[in-house]
Amino acid sequence: MAPSDAASDQFAVLPIRMPPVPSFPHSAVHEVRVRRNAPKIPTANDSRSLFLKNIPADSTEPHFRAVFTNLVGAGRFETILFDDEPTTALPVDPAQATKMQGFARKRKMTDVEAEERNREEQAAQLPQIWTRKLHRSSGTAVVLLADEKSLHLVLRAIAKVQKSKKYPVWGENLADKVPELGSSWVLRHLQLSRVDKSATQAAVHAFFHAYNRKEKEAIELAKRLRNEPDEDGFVTVTRGGRAAPASRSEAEEAKQRMADKAAKKKSDLKNFYRFQLREERKKEQAALLRRFEEDRRKVDAMREKRGKFKPET
């Protein structure tokens with residue numbers, strides 16, 4: 001596959017040789033689909049990121065770092081984000097916070113506030129009970145490379161691998177130590193499942209503390225927006241009078257209804273008077289005469305041109 005094809009939705013096939021394991025003592029080839037990342041909502045890193053499909057279930061960042069190092073050398077691979085990885089300790093905000101999220105004005109947080117939020121989210125995470133996580137079958141991931149040049153090098157290297165049949169070996173030359181799977185992995189999981197009660201209770205308290213803080217911020221934001229005027233200086237009163245907050249969407253809908261009503265009233269009065277009807281008929285007659293004269297000039301020009309035509313002998 002040429003690099004020019006990477007701009008399309010077509011996938012390049014990256015074959016990876018899976019070494020034999022005790023449960024399956026035979027070597028196999030696993031095919032990972034690769035193309036340029038093109039999410040529905042563009043980001044600043046799309047030009048240097050790749051979308052991977054059908055990744056192995058035991059994938060880790062060190063595994064893919066070793067694969068990309070085998071393809072294009074060290075220093076090109078930056079990080080990888082799996083589709084089933086949690087991105088925050090609070091994956092779902094309160095309902096009211098979600099409703100008001102689109103109306104929130106972005107503001108710069110100080111370094112102290114940012115560090116406090118990070119500590120809060122880390123404290124809200126429950127203790128880990130798996131030393132290594134397995135992904136679902138046919139999962140996806142996004143690989144972030146160093147720059148756009150690295151992306152083109154990777155796509156060219158994949159095309160060369162398909163021709164040379166020298167596939168990278170899964171789990172070979174790992175720079176970081178990865179916990180092994182199997183019985184030791186399950187045994188360690190059973191040990192970690194007996195978590196400390198006080199640590200778990202502290203994580204739950206931290207989670208609900210962050211939850212309540214976000215809900216309180218959403219309520220305060222709704223109160224501010226309730227008294228915030230629109231572009232014309234009007235404050236829209238909606239359901240429940242002044243007791244219920246008026247959202248921006250409801251204000252925009254009310255403003256659009258007023259504009260539609262004014263446009264309909266203007267169109268109804270357009271030909272209300274008799275002189276307006278007379279003027280409208282005069283304009284239509286003048287337009288018909290003008291088009292008639294233009295068509296006649298075109299016909300005369302075609303006739304004159306046809307009379308001057310002499311076929312060759």
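Q: What does the accessible surface of the protein chain come to, and which percentage of it belongs to carbon and sulfur atoms?
A: It's about 22800 Å², and 55% of that belongs to carbon and sulfur atoms. Areas like this come from the Shrake-Rupley method with a 1.4 Å probe, and for residues only the protein chains shown count as cover. Keep in mind that this is a predicted model: local features need pLDDT of at least 70, side-chain atom pairs count only at pLDDT 80 or more, and totals for chains, interfaces and linings use all residues. Residues are numbered from 1 along each chain as its sequence is written, and side-chain values use heavy atoms, with hydrogens and water left out.

Q: What makes up the secondary structure of the protein chain?
A: Eight helices and five strands. Both are DSSP runs numbered from the N terminus: a helix is H or I over at least four residues, a strand is E over at least two. Along the sequence you get the pattern β-β-β-α-β-α-α-β-α-α-α-α-α.

Q: Why is R48 called buried or exposed?
A: Buried means under 20% relative accessible area, exposed means over 50%, and partly exposed is in between (1.4 Å probe, protein chains only). R48 has 17%, so R48 counts as buried. Across the protein chain, 26% of the 313 residues land in the buried class.

Q: Which residues does R48 touch, leaving out those up to four places away in sequence?
A: They are E78, V143, L144, L145, A146, D147, E148 and L151. Touching here means a contact, with heavy atoms within 4.5 Å. R48 itself sits in the loop between β2 (28-36) and β3 (49-55). For the protein chain as a whole, take the contacts with a separation of 6 or more: 68% of them join residues 24 or more positions apart.

Q: What makes E148 and R36 a salt bridge?
A: You need a side-chain nitrogen of Lys or Arg within 4 Å of a carboxyl oxygen of Asp or Glu. The closest N and O atoms of E148 and R36 are 3.5 Å apart, so the pair passes the test. This pair links distant parts of the chain: E148 is in helix α4 (residues 148-164), R36 is in strand β2, and they are 112 residues apart. On accessibility, R36 is buried because its value is 19%, while E148 is partly exposed at 36%.

Q: How many salt bridges does the structure hold?
A: Seven. Among them is R65 with E61, at 2.8 Å from N to O. Both residues lie in helix α1, four residues apart, about one turn of the helix. At 25%, R65 counts as partly exposed, and so does E61 at 29%. Another one pairs D83 with R136 at 2.5 Å, N to O. That pair also links distant parts of the chain: D83 is in the loop between β4 and α2 (95-100), R136 is in the loop between α3 (111-123) and β5 (139-145), and their positions lie 53 residues apart.

Q: Why do such pairs form at all?
A: Side chains of opposite charge can pair when their charged atoms come close.

Q: Why does G75 count as buried or exposed?
A: Its relative accessibility is 63%, so G75 counts as exposed. You'll find G75 in the loop between α1 (61-72) and β4 (77-82).

Q: Which residues make the nonpolar surface patch of about 240 Å²?
A: I129, W130 and V195. Patch residues have over 30% relative accessible area and no salt bridge; nonpolar side chains (Val, Leu, Ile, Met, Phe, Trp, Tyr) are joined within 5 Å, like charges within 9 Å. W130, for one, has 39%, so W130 clears the 30% bar. W130 is in the loop between α3 and β5.

Q: Which residues gather in the patch of positive charge?
A: R274, R278, R281 and K282. Lys and Arg count as positive and Asp and Glu as negative, with His and the chain ends not counted. The place of a charge is NZ of Lys, CZ of Arg, CG of Asp or CD of Glu. R281 lies in helix α8 (residues 274-307), and at 47% R281 counts as partly exposed.

Q: What is notable about the phi of N54?
A: Phi of N54 is near 65°, a positive value in a residue other than glycine. Most residues other than glycine have a negative phi. N54 sits in strand β3. N173 also has a positive phi, about 60°, without being a glycine, and N173 lies in the loop between α4 and α5 (183-192).
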